[in-house]
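User: I'd like to learn how to read a model like this one, feature by feature. Can you walk me through it?

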Amino acid sequence: VLAKLAGAEVAIVVMFFINEYWTFASEGREGRWPRRLLKSNVVRVGGLGIQVLVVWTLGLADVSLVVAGFDFWRVAPFPLAIAASVLFNYVAESLFTWRVTAH
């Protein structure tokens, strides 16, 4: 469990610096990156919560998607949860962490 938490935090920090120096590099913010890192952590924990909620909710659905004897519904919630959290993370990072404005 601790290794998973440490791995998740390392991934959050790496994604923060990718966003800081690439995705949102042109947003013209000065200094205060530790504060943005904290905001990014909050956003990404929210994205993780969305993943858990989507997987849990879809797991409650009484659905089968059997192909060649394998029920794909057992794995279908995972890519859907990842897609939902990616969308949430991008929008929330844009609005909350980097406060992107229309140019």
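Analyst: Sure. Helices and strands here are DSSP runs, numbered from the N terminus, with at least four residues for a helix and at least two for a strand. On that basis the elements of the protein chain run α-α-β-β-α from the N terminus on, which comes to 3 helices and 2 strands. Keep in mind that this is a predicted model.

User: What do the overall dimensions of the protein chain look like, and how does its radius of gyration compare with that of a compact globule?

Analyst: The C-alpha atoms fill a box of roughly 55 × 35 × 20 Å along the principal axes. The radius of gyration is 17 Å, whereas a compact globule of 103 residues would have one near 13 Å. Buried residues make up 24% of the chain. The chain exposes about 7,300 Å², and carbon and sulfur atoms supply 72% of that.

User: And how do I read the contacts along the sequence? What share of them join residues at least 24 apart?

Analyst: Take the contacts between residues at least 6 apart in sequence: 66% of these join residues at least 24 apart. For one pair of positions, try Trp33 and Glu93, which are 60 residues apart in sequence and 13 Å apart in space, C-alpha to C-alpha.

User: Let's zoom in on a helix. What should I check in H2?

Analyst: Start with its span. H2 covers residues 33-60, 28 residues in total, and reaches 40 Å from its first C-alpha to its last, close to the 40 Å expected at 1.5 Å a residue. Next, look at which way the side chains face. An α-helix has 3.6 residues a turn, so residues three or four places apart point the same way. With that in mind, go through the buried residues of H2: Arg36, Leu37, Lys39, Ser40, Asn41, Val43, Arg44 and Gly47.

User: Which helices do those buried residues pack against?

Analyst: They pack against helix H1 (2-23) and helix H3 (77-97).

User: There's an arginine on that list. Why does Arg44 count as buried?

Analyst: The cut-off is under 20% relative accessible area. Arg44 has 16% relative accessibility, so it counts as buried. Leaving aside neighbours within four places in sequence, Arg44 is in contact with Ile12, Met15, Asn19, Asn89 and Glu93.

User: Trp33 is in H2 too. Is it buried, exposed or partly exposed, and what does it touch?

Analyst: Trp33 is partly exposed, with a relative accessible area of 37%. Not counting residues up to four places away in sequence, Trp33 touches Phe16, Phe17 and Glu20.

User: Where is Phe70, and what does it touch?

Analyst: Phe70 sits in strand S2. Its relative accessible area is 36%, so Phe70 is partly exposed. With the same sequence neighbours set aside, Phe70 touches Leu65 and Val75.

User: Last one: how do I read backbone angles?

Analyst: Most residues other than glycine have a negative phi. It's worth looking for the ones that don't. Ala68 has a phi near 55 degrees, a positive value in a residue other than glycine. Ala68 lies in the loop between strand S1 (66-67) and strand S2 (70-71), and it is exposed, with a relative accessible area of 84%.

User: What about Arg99?

Analyst: Arg99 has a positive phi of about 50 degrees, although it is not a glycine. Arg99 is in the segment after H3 and is exposed, at 54% relative accessible area.

Notes:
Residues numbered from 1 in each chain as written. Predicted model: local features only at pLDDT ≥ 70, side-chain atom pairs only at ≥ 80, totals over all residues. Heavy atoms only, no water. Expected span 1.5 Å × (residues − 1). Buried < 20%, exposed > 50% of the residue type's maximum accessible area, 1.4 Å probe, protein only. Contact = heavy atoms within 4.5 Å. Rg over C-alpha atoms; globule rule 2.2 N^0.38 Å. Areas by Shrake-Rupley, 256 points an atom, 1.4 Å probe, with all protein chains shown as cover.
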